[in-house]
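Colleague: I am new to this structure and would be grateful for a close look at a single part of it. Please choose one pair of neighbouring strands and describe how that pair fits into its surroundings.

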Amino acid sequence: QTPMIHLSLRVSCASPRTYGGIGAGSTMFFVDPEKQLSVAFLSTGLLEEARSMERHQYISDLVHSSIN
């Protein structure tokens, strides 16, 4: 099962204990305690919600795949 970070954001490479959140203005963070990984993403590029979620998903997957 894929861990939940936000209601609609799932990180496919994350461990089950991963948690995080999404804020206003295209910001996101997550912590994967099993991999000793924490990520914060801040951007001034505002997107509509669906596009923003796609971007957060891509960044989360990219980070996790780069350490595996």
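Modeller: Strands S4 and S5 are joined by five bridges and pair in the antiparallel sense. The model in which they appear is a predicted one. Two positions show how the pairing runs: phenylalanine 30 has valine 39 of S5 as its bridge partner, while valine 31 stands opposite serine 38 in S5. The two strands form a hairpin with four residues between them, and in this hairpin glutamine 36 takes a positive phi near 50 degrees.

The pair belongs to an open sheet of three strands, in which the order is S3-S4-S5 and the pairing antiparallel. S3 and S5 stand at the edges with a single partner strand each, so one side of each has no neighbour in the sheet. From one strand to the next, the twist averages 0 degrees. On its other side, S4 pairs with S3, again in the antiparallel sense and over five bridges. There, glycine 23 stands opposite threonine 27 in S4.

S3 itself covers residues 19-23 and includes glycine 21. Glycine 21 counts as buried because its relative accessibility is 14%, under the limit of 20%. Between the C-alpha atoms of glycine 21 and valine 31 the separation is 9.5 Å, and the two residues are ten apart along the chain.

The two faces of S4 deserve separate attention. In a regular strand, side chains alternate between the two faces of the sheet. In S4, Met28, Phe30 and Asp32 make up the covered face, whereas Thr27, Phe29 and Val31 make up the uncovered one. Helix H1 packs on the sheet and touches S3, S4 and S5, and its direction makes about 35 degrees with that of S4.

Two residues of the covered face return in the largest nonpolar core, which consists of six residues: Met28, Phe30, Leu37, Val39, Phe41 and Ile59. Strand S4 (27-32) and strand S5 (37-41) are the elements that give two or more residues to this core. S5 supplies the largest share, with three residues. One of the core residues, leucine 37, has contacts that reach both back along the hairpin and further along the chain. Leaving aside residues up to four places away in sequence, leucine 37 touches Phe30, Val31, Asp32, Val63, His64 and Ile67.

The helix offers one further position to examine. Serine 52 is found in helix H1, which spans residues 49-67. Serine 52 has a relative accessible area of 8% and is therefore buried. Not counting residues up to four places away in sequence, serine 52 touches Ser26 and Leu47.

The whole chain gives the setting for this part. The chain has one helix and five strands, which run β-β-β-β-β-α from the N terminus on. Of its 68 residues, 32% are buried. Among contacts between residues at least 6 apart in sequence, 38% join residues at least 24 apart. The accessible surface of the chain comes to about 4,300 Å², and carbon and sulfur atoms account for 55% of that surface.

How values were computed:
Residues numbered from 1 in each chain as written. Predicted model: local features only at pLDDT ≥ 70, side-chain atom pairs only at ≥ 80, totals over all residues. Heavy atoms only, no water. Buried < 20%, exposed > 50% of the residue type's maximum accessible area, 1.4 Å probe, protein only. Contact = heavy atoms within 4.5 Å. Areas by Shrake-Rupley, 256 points an atom, 1.4 Å probe, with all protein chains shown as cover. Core = buried A, V, L, I, M, F, W, Y, C linked by side-chain atoms within 4.5 Å. Pairing = 2+ DSSP bridges. Axes fitted to C-alpha atoms, helices over the stretch in contact; angles between N-to-C directions.
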